[in-house]
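Look at the structure below. This report covers a few salt bridges, a pocket and some single residues.

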Amino acid sequence: MRQQVTSVEAVQNSALGSVLLWSFGRGYQEEVLGRLPVLPLAFLCLPLVLHRPTLEVVTGTFPSSGLGKFIEKFERHREDLMAVHDRALAMRRLTLEALSTGSAAGLLSIMYEDAQLRANEVKLRKPSERIRPYTAAADKLGRWFARVPPPNVFSLLRVTP
């Protein structure tokens, strides 16, 4: 007997999460050559990208605008910004599973000695139209996070690491 997959499970799965974390890492690494994101930043990617209203804000913000402009857009809906911390906690397990899946698939490397994440040089096939907004948003977040010291990223997003 085959169990039916819910729409939430179809989107919130470790395989998709690993591709999103890889896109996040690639964006970060391309923005600041020679630096890698610290691992705790990965725990912000999925809660921001897999939440439709937040995804729409990321998508509607120019890449050059940066994290400050993204945060500014939440001024009218501060409850959405305040909810990032709760979503990060709720999605911890999914992020850990995505990190594990990405590592096993060769997309990601975890540098345990300094708690950093590397998006490996791999060639993925072009994402489908349904997935493209998510990967583009993850890449954009990686670039924005790279421009700001990690403690400031957490502070701006009102998340306690």
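Aspartate 139 and arginine 143 are four residues apart in helix H8, so about one helical turn separates them. Salt bridges that share partners join Arg26, Glu30, Glu31, Glu121, Asp139, Arg143 and Arg147 into one network. A salt bridge here is a side-chain nitrogen of Lys or Arg within 4 Å of a carboxyl oxygen of Asp or Glu. Helices (H or I, at least four residues) and strands (E, at least two) are DSSP runs, numbered from the N terminus.

**How far to trust the model**

This is a predicted model: local features need pLDDT of at least 70, side-chain atom pairs count only at pLDDT 80 or more, and totals for chains, interfaces and linings use all residues. Residues are numbered from 1 along each chain as its sequence is written, and side-chain values use heavy atoms, with hydrogens and water left out. The predictor's confidence in each residue, from 0 to 100, is called pLDDT. The protein averages a pLDDT of 89. Of the residues, 93% score at least 70. Residues 1-10 stay under 50. For residues 1-10 the model has two contacts beyond four places in sequence. Contact means heavy atoms within 4.5 Å.

**Salt bridges**

How many salt bridges does a search of the whole structure find? The search finds nine. Side chains of opposite charge can pair when their charged atoms come close. Three of the pairs are set out here.

| Pair | Closest N to O | Helix |
|---|---|---|
| Arginine 26 and glutamate 30 | 3.6 Å | H2 |
| Lysine 69 and glutamate 72 | 3.2 Å | H5 |
| Aspartate 139 and arginine 143 | 2.8 Å | H8 |

Glutamate 30 and arginine 26 lie four residues apart in H2, about one turn of the helix. Lysine 69 and glutamate 72 are three residues apart in helix H5 (residues 66-72), so about one helical turn separates them.

Now check how open each partner is. Buried means under 20% relative accessible area, exposed means over 50%, and partly exposed lies in between (1.4 Å probe, protein chains only). Is arginine 26 buried or exposed? Arginine 26 is buried, with a relative accessible area of 14%. Its partner glutamate 30 is partly exposed at 40%. In H5, lysine 69 is partly exposed at 35%, and glutamate 72 is partly exposed at 46%. In H8, aspartate 139 has a relative accessible area of 21% and counts as partly exposed. Arginine 143 is partly exposed, also with 21%.

**The largest pocket**

On a 1 Å grid over the protein atoms alone, a cavity is a set of points where a 1.4 Å probe fits but cannot get out, and a pocket is an open set with protein on both sides within 12 Å along at least five of seven lines; lining residues have an atom within 4 Å of a point. Grid points are joined across faces, edges and corners, and a volume is the space filled by probe spheres set on the points.

The largest pocket has a volume of about 380 Å³. Its lining has 14 residues. Nearest its centre lie Val19, Leu124, Arg125, Lys126 and Pro127. Helix H2 (14-31) and helix H8 (132-146) each supply at least two lining residues. Which helix gives the largest share? H8 does, with four residues. The lining divides into six nonpolar, three polar and five charged residues. Ala, Val, Leu, Ile, Met, Phe, Trp, Tyr, Cys and Pro count as nonpolar, Asp, Glu, Lys and Arg as charged, and the others, Gly among them, as polar.

**Residues in loops and after H9**

Arginine 35 is in the loop between H2 and helix H3 (39-49). Arginine 35 is partly exposed at 40%. Not counting residues up to four places away in sequence, arginine 35 touches Tyr28, Gln29 and Ala146. Leucine 117 is 82 residues from arginine 35 along the chain, yet their C-alpha atoms are separated by 9.9 Å.

Histidine 51 sits in the loop between H3 and helix H4 (52-59). Histidine 51 is buried at 19%. Leaving aside neighbours within four places in sequence, histidine 51 contacts Leu46 and Arg87.

Two residues have a positive phi without being glycine. Alanine 115 has a phi near 50°. Alanine 115 lies in the loop between strand S1 (108-111) and strand S2 (116-119), and is partly exposed at 34%. Arginine 158 has a phi of about 60°. Arginine 158 lies in the segment after helix H9 (150-156), and is partly exposed at 35%.
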